[in-house]
Amino acid sequence: MSANLYGLEMHDCNLSGDIINDMIKECSDRGVELRLSHLNISHNNLSDIDGTSLGSLIMSANLNDLDMCDCNLSGDIINDMIKECSDIEDELRLESLDIRPCSDPWR
């Protein structure tokens, strides 16, 4: 099954890493193929997100633009995400990645 959803804006929604982890797992368990080209999950506290799952999402969803500004991401999360992206034998389509620790959404 594939979702005909190309952009998803979930910035500043009080999401946690656990919620995003559960969403990624649920899509995977149900065989949902995401076709997202744009995902904005900025200004959420994702300090407990699984970097490996996040990397898998980046690679499977054909993402071109990912905004995770001000998400409290640790170096370990970013490293796990990058490792997962490099372990998957597919072309990375990501053109824009924002992981700045900014607190002003208009900066």
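Helices (H or I, at least four residues) and strands (E, at least two) are DSSP runs, numbered from the N terminus. The structure is a predicted model, in which local features need pLDDT of at least 70, side-chain atom pairs count only at pLDDT 80 or more, and totals for chains, interfaces and linings use all residues. Residues are numbered from 1 along each chain as its sequence is written, and side-chain values use heavy atoms, with hydrogens and water left out. The loop between strand E4 (38-40) and H2 holds His 43, while an open sheet of 4 strands shows parallel pairing.

**Sheet**

- The strand order in the open sheet is E2-E4-E5-E6, where two strands pair if DSSP finds at least two bridges between them.
- Strand E2 (7-9) and strand E6 (96-98) each have a single partner strand and stand at the edges, so one side of each lacks a neighbour in the sheet.
- From one strand to the next, the twist averages 5°; axes are lines fitted to C-alpha atoms, for helices over the stretch in contact, and angles run from 0 to 180 degrees between N-to-C directions.
- Strand E5 (residues 65-67) runs parallel to E6 and is joined to it by 3 bridges; Asp 65 has Ser 96 in E6 as its bridge partner.

**Helix H1**

- H1 (residues 17-29) comprises 13 residues, and its first and last C-alpha atoms are 18 Å apart, close to the 18 Å expected at 1.5 Å a residue; the expected span is 1.5 Å times one less than the number of residues.
- Gly 17, Ile 20, Asn 21 and Ile 24 of H1 are buried, a term for under 20% relative accessible area, with exposed meaning over 50% and partly exposed in between (1.4 Å probe, protein chains only).
- These buried residues lie on the same side of H1 because they cover an arc of only 105° around the axis, the arc being that of the directions from the helix axis to the C-beta atoms.
- Asp 22 and Asp 29 are exposed on the other side of H1, whereas the buried residues of the helix pack against helix H2 (51-60).
- Gly 31, just after H1, adopts a positive phi of about 70°.

**Helix H3**

- H3 also has 13 residues, and its span from first C-alpha to last is 18 Å, close to the expected 18 Å.
- The buried residues in H3 are Ile 77, Ile 78, Met 81, Glu 84 and Cys 85.
- They share one side of H3, since their arc around the axis is only 130°.
- Asp 76 and Ser 86 are exposed on the other side of H3, and the cover over its buried residues includes H2 and E6.

**Nonpolar core**

- The largest nonpolar core contains 24 residues, and Ile 20, Leu 39 and Leu 63 have the most contacts inside it; such a core is a set of buried Ala, Val, Leu, Ile, Met, Phe, Trp, Tyr and Cys residues joined through side-chain atoms within 4.5 Å.
- H1, H2 and helix H3 (75-87) are the elements that give two or more residues to this core.
- Beyond its neighbours within four places in sequence, Leu 63 is in contact with residues including Leu 36, Leu 39, Leu 57, Ile 58 and Leu 94, where contact means heavy atoms within 4.5 Å.

**Positive phi outside glycine**

- Asn 14, in the loop between E2 and H1, is not a glycine yet has a positive phi of about 60°.
- Asn 14 counts as exposed because its relative accessibility is 72%.
- His 43, likewise not a glycine, has a positive phi near 60°, and its relative accessible area of 17% makes it buried.
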